[in-house]
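Work through these exercises with the chain in view. Try each task before you read its solution.

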Amino acid sequence: MTIDDSSIISTPTRLEGKYSGMVVCWILGLGSLVSWNSMLTIGDYYYQLFPKYHPSRVLTLVYQPFALATMVILVYNEARINTRKRNLTGFTLFFLSTFALLVLDLATSGAGGLGNYIGICAIVAAFGVADAFVEGGMVGDLSFMCPEFIQSYLAGLAASGALTSALRLVTKAAFERASNGLRKGVMLFLAISTFFEFLCILLYAFVFPKLPIVKYYRTKAAAEGSKTVAADLAAAGIQTEATERVDANAKQLERLSNKQLFFQNIDYLLDLFLIYVLTLSIFPGFLYENTGSHKLGSWYALVLIAVYNMFDLIARYIPLIEKIKLKSRNGLMIATLSRFLFIPCFYFTAKYGDQGWMIMLVSVLGLTNGYLTVCVLTVAPQGYKGPEQNALGNLLVLCLLAGLFSGVALDWLWIIGNDKF
């Protein structure tokens, strides 16, 4: 099959494979963060091995610069990058890095020490590079498809946190009384995460590109001038000439530059940046190190992380109800800025409140994070052509990662003057 003109690309009356695509997108979202969320969720294990090195804060601070720097390079070259190779490279790197984490612990018999800590930091840096490849590539790819796909992908991102938290609670309970039980639980946990990453490689390589609805949207994007989908279309058995045409249709294939897209959507980009500045200035470092001792003991931080992840996941389905989906640009900005009230709330709750109030605050933090993320990422790309939606998706992820990095850096302010520092 050959497509050479967007004029013959009409919307079919029924797009087959939509629900299968939503399931695959959900699993791919899960795989995009399951490795990193595994690192966050087994924080109690790393605090036991490296009590003086602030694992949750340091590992997050290692992860984010690599993710951000890689994303900057990818955004600059976005229009020329093969999306299929980009995403497969990312998922493969996730798989290899998670497996390496498992091998490192087995080879060292779970020993602490600076050498092992540096090895873990190197693997975490690889996670950051993989995240930039996958998250930016997937969001850009799904931005020119139906909104349900990107919503499912974002829900999968949140589900990775909820699933890893649930698995961590189960493995901690199952192995708590066993000899070296904490480590055994972590090993099982990492093995499951490695399996999910391998599953994502197979789904993206052999299942997703062959869905009829995916072929339709990618063919449409190619006809609008996108050069990033050619390999995916070839994998589905479709050859496209739209990206090679320079004749009378050249004007039709023109797209806005990244600079133009940036200034037209600067409020959406700022929304994502501020959402994640606030979230990462609290989660996970503050929850692990600044919430004090309570009746739940060693379970307390794990419960807080699980509550956040669960409500973040729930919130990402709320925008499916159109009546309560926030679409107003001013409304999104007001809601984003109002979240900064969480900072004094968390400070005074940690100092004077009990664990019930802290759990409630964490749940609202997760709800607002998930809801606003989906609203921004599904509303912003509307009204643009395929290549522009792909570019805008990458810009949005770049600002998201910049917010993550800034939030992680600001998170250290919580322990200024702390005797543990």
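**Exercise 1.** How do the residues of the lining of the second largest cavity divide into nonpolar, polar and charged?

*Solution.* Start with the ground rules. This is a predicted model, where local features need pLDDT of at least 70, side-chain atom pairs count only at pLDDT 80 or more, and totals for chains, interfaces and linings use all residues. Residues are numbered from 1 along each chain as its sequence is written, and side-chain values use heavy atoms, with hydrogens and water left out.

Step 1: fix the terms. A cavity is a set of points, on a 1 Å grid over the protein atoms alone, where a 1.4 Å probe fits but cannot get out; lining residues have an atom within 4 Å of a point. A volume is the space filled by probe spheres set on the points, which are joined across faces, edges and corners.

Step 2: list the lining. Tyr46, Leu49, Phe50, Leu101, Leu104, Asp105, Thr108, Ala111, Asn116 and Ile120 line the second largest cavity.

Step 3: sort by class. Ala, Val, Leu, Ile, Met, Phe, Trp, Tyr, Cys and Pro count as nonpolar, Asp, Glu, Lys and Arg as charged, and the others, Gly among them, as polar. The result is seven nonpolar, two polar and one charged.

Step 4: place the cavity. Its volume is about 60 Å³. Helix 4 gives the largest share of this lining, four residues. (Helices are DSSP runs of H or I with at least four residues, numbered from the N terminus.)

**Exercise 2.** Which residues lie closest to the centre of the largest cavity?

*Solution.* Step 1: count the cavities. There are six of 30 Å³ or more.

Step 2: take the largest. It holds about 360 Å³ of space. Of its 27 lining residues, Leu33, Asn37, Tyr276, Leu280 and Leu404 are the closest to the centre.

Step 3: sort this lining too. It has 15 nonpolar, eight polar and four charged residues.

**Exercise 3.** Which residues touch the most other members of the largest nonpolar core?

*Solution.* Step 1: define the core. It is a set of buried (under 20% relative accessible area, 1.4 Å probe, protein chains only) Ala, Val, Leu, Ile, Met, Phe, Trp, Tyr and Cys residues joined through side-chain atoms within 4.5 Å.

Step 2: name the residues. Among the 117 members, they are Tyr46, Phe149, Tyr153, Phe208 and Phe346. Helix 5 (residues 114–142) gives the most to this core, with 13 residues.

Step 3: look at the whole chain. Buried residues make up 57% of its 421 residues.

Definitions and conventions: Buried < 20%, exposed > 50% of the residue type's maximum accessible area, 1.4 Å probe, protein only. Helix = DSSP H or I, 4+ residues; strand = E, 2+ residues; numbered from the N terminus. 1 Å grid on protein atoms, 1.4 Å probe; cavity = no way out; pocket = protein on both sides within 12 Å on 5 of 7 lines; lining within 4 Å.
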